[in-house]
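Student: I would like to go through this model step by step, beginning with the ligand and then turning to the sheets. Please reason briefly and finish each reply with what was asked for.

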Amino acid sequence: MLSLKRINKRYRIGASEQPVLNDVSFELAEGEFVSIMGPSGSGKSSLLAVLGLLHADWQGEYHFAGVALHAMKDAQRKEFARSRIGLVFQHYHLLDDLNVAENIDLPLDYLGVARNERRVRVEEALSRFGLLDKRAHYPRQLSGGQQQMVAVARAVATKPRLLLADEPTGALHSSQGEMIMDLLVDLNRAGTSIIQVTHNPDYAARAGRVLQMRDGHLRTSI
Ligand code: ADP
Ligand code: MG
């Protein structure tokens with residue numbers, strides 16, 4: 001479904017440049033669930049940011065569903081990503097001033113989904129994730145696990161083909177972490193391809209394949 005070929009990325013710090021991704025090549029089949037592990041600072045978040053098209057400044061080839069994203073303008077490929085790639089972060093990134101239903105609705109609104117259809121999709125997401133009684137709650141009124149549940153619901157309300165999760169359980173207690181992992185496994189069984197970054201070996205093993213990141217290099221786990 002997607003392939004990266006010799007992706008390179010460096011960060012400029014003052015006059016110097018620090019390489020962060022070194023010739024990263026990677027293929028993901030449709031419906032796959034892959035975990036990426038590796039020490040802090042090894043480039044995992046940078047890789048997900050390239051995959052999620054959050055960054056513009058990288059070199060190499062990135063194909064997604066047959067489309068050559070490296071050949072597109074940045075604004076164009078961000079638009080491409082919006083309906084196809086869902087993102088979940090360690091610290092949820094919900095909007096504090098919006099309630100649960102409004103948070104889930106926001107990306108649908110950005111996508112230009114009609115109001116009636118949005119209402120249906122938000123209801124579906126609330127019900128699917130057991131959040132119907134939390135619809136009017138604000139993020140601060142929810143536990144970390146519940147906030148992450150909303151973040152996952154928001155990420156998948158647009159029905160993306162790929163879900164990128166950067167340490168989604170990193171800020172959660174273990175029971176809440178388990179709940180989020182069960183959710184990811186269910187989503188994957190229902191057809192969403194997933195790439196997750198995690199430090200937890202048990203959670204990494206819930207995926208079909210585990211890759212290791214070291215100093216900007218990506219390798220198959222030994
Ligand atoms: P990981 O997610 O594996 O901890 P990151 O991708 O966040 O790794 O970071 C990889 C390296 O790039 C680190 O050395 C980090 O300090 C550096 N880095 C990350 N983001 C930036 C940035 N915006 N500017 C400069 N250096 C950065
Ligand atoms: Mg990181």
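**Ligand 1 and its surroundings**

Student: How far is an oxygen atom of ligand 1 from an N or O atom in the side chain of Ser 46?

Tutor: The model is predicted, and the distance is computed from its atoms. A pair of N or O atoms counts as a polar contact within 3.5 Å. The pair formed by an oxygen atom of ligand 1 and an N or O atom in the side chain of Ser 46 is at 2.6 Å.

Student: What percentage of the accessible area of ligand 1 does the protein cover?

Tutor: On its own, ligand 1 has 560 Å² of accessible area. The part of that area covered by the protein is 62%.

Student: Which residue has a polar backbone atom 2.7 Å from an oxygen atom of ligand 1?

Tutor: Tyr 11 makes a side-chain approach, with an N or O atom 3.5 Å from a nitrogen atom of ligand 1. The backbone approach at 2.7 Å, to an oxygen atom of ligand 1, comes from Gly 41.

Student: Which element gives the most residues to the shell around ligand 1?

Tutor: The shell includes Gln 18, Val 20, Lys 44, Ser 45 and Ser 46. Strand 2 and helix 1 (44-51) are the elements that give two or more residues to this shell. With 3 residues, the greatest contribution is that of helix 1.

Student: How many residues of the shell around ligand 1 are polar?

Tutor: The shell has 3 nonpolar residues and 1 charged residue. Glycine counts among the polar residues, and Gly 41 and Gly 43 both belong to the shell. The number of polar residues is 7.

**The sheet of 4 strands**

Student: Which strands are at the edges of the open sheet with the order 2-1-4-5?

Tutor: This sheet has 4 strands with antiparallel pairing. An edge strand pairs on one side only, and that applies to strand 2 and strand 5 (67-68).

Student: What is the bridge partner of Leu 4 in strand 2?

Tutor: Strand 1 (residues 2-13) is joined to strand 4 (residues 59-64) by 5 bridges, and the partner of Leu 4 in strand 4 is Tyr 62. Strand 1 is also joined to strand 2 by 9 bridges, running antiparallel. In strand 2, Leu 4 has as its partner Phe 26.

Student: Which residue of strand 2 has a positive phi although it is not a glycine?

Tutor: Most residues other than glycine have a negative phi. In the hairpin of strand 1 and strand 2, a positive phi near 60° belongs to a glycine, Gly 14. Within strand 2 (residues 16-28), a positive phi of about 50° is found at a residue that is not a glycine, Asp 23.

**The sheet of 6 strands**

Student: Why is one side of strand 6 (85-88) left without a neighbour in the sheet?

Tutor: The 6 strands form an open sheet in the order 6-7-8-3-9-10, with mixed pairing. Strand 6 is joined by 4 bridges to strand 7, to which it runs parallel. One side of strand 6 is without a neighbour because this strand stands at the edge, with a single partner strand.

Student: At about what angle does helix 6 run to strand 8?

Tutor: Helix 6 (residues 174-189) lies across strand 3 (33-37), strand 7 and strand 8 (193-197). The angle is taken between N-to-C directions, from 0 to 180 degrees. For helix 6 and strand 8 it is about 150°.

Terms used. Residues numbered from 1 in each chain as written. Chains lettered and ligands numbered in written order. Predicted model: local features only at pLDDT ≥ 70, side-chain atom pairs only at ≥ 80, totals over all residues. Heavy atoms only, no water. Pairing = 2+ DSSP bridges. Contact = heavy atoms within 4.5 Å. Near = heavy atom within 4 Å. Polar contact = N/O pair within 3.5 Å; in protein donor to acceptor, adjacent residues only side chain to side chain. Areas by Shrake-Rupley, 256 points an atom, 1.4 Å probe, with all protein chains shown as cover.
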